[in-house]
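Reader: I'd love a close look at one part of this model, the empty space inside it and whatever surrounds that space. Please take me through it in one connected answer.

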Amino acid sequence: MLWTVLLALLVLLLLQTQLSLCLRELRTGGSTSSAYSSSSSSSSSSYNATQQRLPGAIIIGVRKGGTRALLEMLNLHPDVEVAKAEVHFFNVEEHYRRGLAWYRAQMPFTLPGKLTVEKTPGYFAAPHVPARVWDMNPAIRLLLIVRDPAERLVSDYTQVLHNRLTRHKPYQPLEELLLLKGHIDPEYKALQRSLYHQHLAHWLEVFPREQIHVVDGDALIRDPFPELRKAERFLDLPPRITPNNFYYNTTKGFYCLMSAGHDKCLDESKGRPHAPLSTRAFKKLCRYFRKPNKLFFEMVGRSFAWC
């Protein structure tokens, strides 16, 4: 009888010990699972928050119109992140064939609520680009920065000349390229890029006028802040850029940027002295652009003080 009682007590002790171990394991496992779940959720939330996103705005041109300056100035805004390099997605077939996943991978990482901005001035004069941009996002906002088309042409030539000379390659003087038997040669590529009305017409076939904001590139260089305030409004950004973000650099001859106590000037290629062009040839160029300029003014509903 005594042995039976002792055996029963031993079994009860064993069961109690086993039950205690099981409860401890459950509590520990539940805590570990909860911690893992919390860590996983936090990690997932962080991953989902910071992503590469397709642009909500694109600076489409014009070449040598001030697109880099505009991009850097917009980047002063705390709600803007910019693609650092020109992507040439919509106007280069090799890039476009790679698809939107490749395009997205060229964008900066951003948090929700931030605006991603890309700039490729080659988009403006490429007739097939507007439809491709529309296919990506019909609601995208487009910025077009323009300057005096005659000055833009000379700046365009100056850049090409500099690149050729850097590679030790010869290049014709501007006047030889611009004039054919004493008259403006309409086939000159740099001249065609300055016919803003022709290129804008392709964009207006696809996008409504209110989705294209025109920035005065000459005014942006003279006094950046008013043009930036207009761009902020167009992009539905709260006004965060102030006149204190700019200071005039007397050495370089144009405005530099100031943000969080650090200043930044555009690289040495900006503000490069123009290649020579005779006064006679420049006047011919200005006369040539009078009618195209008038057509452009009518399209955008404003005029500019061009030659």
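Author: Happy to! A word on names comes before anything else: helices here are DSSP runs of H or I with at least four residues, strands are E runs of at least two, and both are numbered from the N terminus. Please also keep in mind that this is a predicted model.

Let's start with the empty space itself. Rolling a probe the size of a water molecule over the atoms shows where empty space is left. Searching the whole structure in this way turns up 1 cavity of 30 Å³ or more. The largest cavity holds about 70 Å³ of space.

Who stands around it? The lining of the largest cavity is made by A69, M73, L220, I221, P224, F254, Y255, L257 and L266. Three elements each give two or more residues to this lining: α2 (67-74), α10 (217-222) and β11 (254-259). Strand β11 supplies the largest share, with 3 residues. In chemical terms, the lining divides into 9 nonpolar residues, no polar and no charged ones.

One of the lining residues, P224, leads us to a neighbouring topic, as P224 also belongs to helix α11 (residues 224-234). The buried residues of α11 are P224, F225, E227, L228, A231, E232 and F234. An α-helix has 3.6 residues a turn, so residues three or four places apart point the same way. The partners of the buried α11 residues are α2, β6 (141-146), β9 (212-216), α10, β10 (246-249) and β11. Among these partners are α2, α10 and β11, the elements that give two or more residues to the cavity lining. After α11 comes D236, which has a positive phi, near 55°.

For a look beyond the cavity, try S155 in helix α6 (residues 149-166). S155 counts as buried because its relative accessibility is 11%, where the cut-off for buried is under 20%. Leaving aside residues up to four places away in sequence, S155 touches K64, R147 and H274.

Finally, there is a helix pair to compare on your screen. Helices α9 (residues 196-204) and α12 (residues 279-300) pack at an angle of about 30°, and their axes lie 8 Å apart. The two helices are therefore roughly parallel to each other. On the α9 side, the contact is formed by Y196, H197, L200, A201 and L204, which meet P292, L295, F296, M299 and V300 of α12. The residues of this contact divide into 9 nonpolar, 1 polar and no charged.

Terms used
Residues numbered from 1 in each chain as written. Predicted model: local features only at pLDDT ≥ 70, side-chain atom pairs only at ≥ 80, totals over all residues. Heavy atoms only, no water. Axes fitted to C-alpha atoms, helices over the stretch in contact; angles between N-to-C directions. Parallel < 35°, antiparallel > 145°, perpendicular 65-115°, else oblique. Contact = heavy atoms within 4.5 Å. Nonpolar A, V, L, I, M, F, W, Y, C, P; charged D, E, K, R; others polar. 1 Å grid on protein atoms, 1.4 Å probe; cavity = no way out; pocket = protein on both sides within 12 Å on 5 of 7 lines; lining within 4 Å. Points joined across faces, edges and corners; volume = space filled by probe spheres on them. Buried < 20%, exposed > 50% of the residue type's maximum accessible area, 1.4 Å probe, protein only.
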